[in-house]
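Happy to walk through this one with you. Let's take the ligand contacts in turn and see how each label is earned.

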Amino acid sequence: MSSVLRLMSTITAPLSSKCPSSLLNPIRRRSPPAAPFRRSLVVAAASSGFANENREYVIVGGGNSAGYAARTFVEHGMANGKLCIVSKEAVAPYERPALTKGYLFPPDKKPARLPGFHTCVGSGGDRQTPEWYEEQGIEVLYQDPVTGLDTQTQTLTTSSGKLLKYGSLIISTGCAAVRFPEKIGGNLPGVHYIRDIADADLLVSSLEKAQKVVVIGGGYIGMEVTAAAVGWNLDTTIVFPEDHVMPRLFTPSLARKYEELYSENGIKFLKGVKIDKVEAGSDGRVASVVLGNGSIIEADTVIVGIGAKPVVSPFETVGLNTTVGGIQVDSLFRTSVPSIFAIGDVAAFPLKMYDRISRVEHVDHARKSAQHCVRALLTAHTHPYDYLPYFYSRVFEYEGSTRKVWWQFYGDNVGDAIEVGNFDPKIATFWVDSESRLKGIFLESGSPEEFGLLPRLARWQPVVDKEKLKNASSVEDALDIATSSLQVPL
Ligand SMILES: Cc1cc2nc3c(=O)[nH]c(=O)nc-3n(C[C@H](O)[C@H](O)[C@H](O)COP(=O)(O)OP(=O)(O)OC[C@H]3O[C@@H](n4cnc5c(N)ncnc54)[C@H](O)[C@@H]3O)c2cc1C
Ligand SMILES: NC(=O)c1ccc[n+]([C@@H]2O[C@H](COP(=O)([O-])OP(=O)(O)OC[C@H]3O[C@@H](n4cnc5c(N)ncnc54)[C@H](O)[C@@H]3O)[C@@H](O)[C@H]2O)c1
Ligand SMILES: O=C1O[C@H]([C@@H](O)CO)C(O)=C1O
């Protein structure tokens, strides 16, 4: 599998070959969504609030992108009495990244709790508490997932039996954790998956009495939760099938630096192994993990982070294109059905810079796609979404930790990888293609100024001297070499 495919968990169809013409020429194909209907609903909403069943704008999903979409509706003065959010969760939208970071700090290190991290605090915006939604006149239906959609009558059905008629619909249902099947112990008490705050609460209650933890999966969740378990002083083992952590993004050499740091913190690694099953003890709770090679690891708590899949149900049956994995949209987040949009993790969108259709399962895209979609919907602007991929992580952040880790990555991890620095604490990797263009940059422990260079470099893709970069004396030197190749002012 190419590294491009691995990095994005994406569909990598070149736009020109596989994208339907509606995606390539969205503006010619369709007029702005359902404008006359929208106007009639404004009148209905203004005169009767939410008493009647018509909602002008409905967002399905109460996660990261929903919170940012709500903020954008408010900024345009289009929320009050017009916007409804239908959520499966019991709480208002929050910054999901906190769940495997501040939320898992040990009890004596001031763990993050709501209302502290409601959107949009992660990007310096307002803390949108449930009261904020009320004050803005936004209707939020909690714990009432959407179960059906009729596109002819523009009506949603919820699990409690509500019928919600919409003018424009934004689908922001995100992803769900991939689970192990029940028959191999995937649902045993003490086996955890982390997607939402209810999952994180369950995990914390297990960690409070845990001694032996096994983390399955060497991706984002695996790396962040394993580091969190160190803060709780738990006997922790991480198990995954590949030969190094973060295989979709890290080079083997970069991964080794993080693995060494984790080992110094007492974490044990079992690499290149598959899981056979998870077994219960006499009390019915998880007691061990059986590996494909027959060995058994004792565990009272197991955390599974083996990937996520887009939540397309119940929308896959109503004519939306879900053959690409998520819900396919154009550069303004319009689906193939008029007046229906999709944003965030669930949306398969044209990644203009690299000329392919992608899904991105990271919060920066969740935020930006929400803002872009709502602005396009409300102002009828037609600028195509032109996203620069940005991923990051932070671990060992809690007070008293001996070594904090924080990295950022921008761009595309294709071409030759050139590593600079010794992880003391900085290290950088530059991905350079066959035409010597800088395509992607990873930086650990940079200063704010250094991190600030990354998006500009990844966006402008300067032609760099690979030999000079390889011989750079430090991360600072390498960044100087790369930025001096930029043809545009910084
Ligand atoms: C534990 C964790 C840590 C993360 N950390 C980072 C990080 O450090 N950096 C980073 O860049 N990204 C991170 N991510 C990824 C980031 O959180 C997601 O990309 C982002 O949350 C996507 O936003 P979204 O709105 O598309 O989906 P979500 O935030 O997942 O929201 C989807 C919402 O839809 C709801 N829903 C689903 N189905 C229905 C239905 N039928 N009816 C009603 N509601 C429904 C869900 O309950 C949820 O509330 C993390 C993800 C997780 C799980
Ligand atoms: N900092 C961040 O951006 C961040 C942090 C946490 C979560 N997330 C998001 O949450 C979602 C889930 O994260 P994740 O870490 O589960 O996914 P991931 O794709 O990052 O990693 C999955 C890992 O599980 C392993 N794996 C797959 N199948 C397995 C199996 N059968 N047995 C054992 N291991 C197996 C893979 O080898 C891989 O290392 C993703 O969308 C991710 O982007 C992001
Ligand atoms: O983007 C983020 O938002 C939360 C937190 O900053 C909110 O306070 C978090 O941990 C992130 O990485």
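**Ligand contacts, step by step**

In this predicted model, a polar backbone atom of Val363 lies 2.9 Å from an oxygen atom of ligand 1.

Q: Why is the pair formed by Val363 and an oxygen atom of ligand 1 called a polar contact?
A: A polar contact is a pair of N or O atoms within 3.5 Å. The backbone atom of Val363 is 2.9 Å from the ligand oxygen, so the pair qualifies.

Q: What makes Tyr392 a polar contact of ligand 1?
A: An N or O atom in the Tyr392 side chain is 3.4 Å from a nitrogen atom of ligand 1. The cut-off is 3.5 Å, so this pair counts too.

Q: How much of ligand 1 does the protein cover?
A: On its own, ligand 1 has 990 Å² of accessible area, and the protein covers 94% of that.

Q: Which helices each supply at least two residues of the shell around ligand 1?
A: They are α6 (64–75) and α11 (363–379).

Q: How do you know that Tyr392 makes a polar contact with ligand 3?
A: A side-chain N or O atom of Tyr392 is 2.7 Å from an oxygen atom of ligand 3. That is within 3.5 Å, therefore it is a polar contact. Arg367 has a polar side-chain atom 2.8 Å from a ligand 3 oxygen, and for Arg394 the value is 2.9 Å.

Q: What share of ligand 3 does the protein bury?
A: Taken alone, ligand 3 exposes 310 Å², of which the protein buries 79%. Ligand 3 sits in the second largest pocket.

Methods. Residues are numbered from 1 along each chain as its sequence is written. Chains are lettered from A and ligands numbered from 1 in the order in which they are written. This is a predicted model: local features need pLDDT of at least 70, side-chain atom pairs count only at pLDDT 80 or more; totals for chains, interfaces and linings use all residues. Side-chain values use heavy atoms; hydrogens and water are left out. A polar contact is a pair of N or O atoms within 3.5 Å; within protein, one must be able to donate a hydrogen and the other to accept it, and residues adjacent in sequence count only if both atoms are side-chain atoms. Accessible areas come from the Shrake-Rupley method with a 1.4 Å probe; for residues, only the protein chains shown count as cover. On a 1 Å grid over the protein atoms alone, a cavity is a set of points where a 1.4 Å probe fits but cannot get out, and a pocket is an open set with protein on both sides within 12 Å along at least five of seven lines; lining residues have an atom within 4 Å of a point. A molecule sits in a cavity or pocket if more than half of its atoms lie within 2 Å of its grid points. Helices (H or I, at least four residues) and strands (E, at least two) are DSSP runs, numbered from the N terminus.
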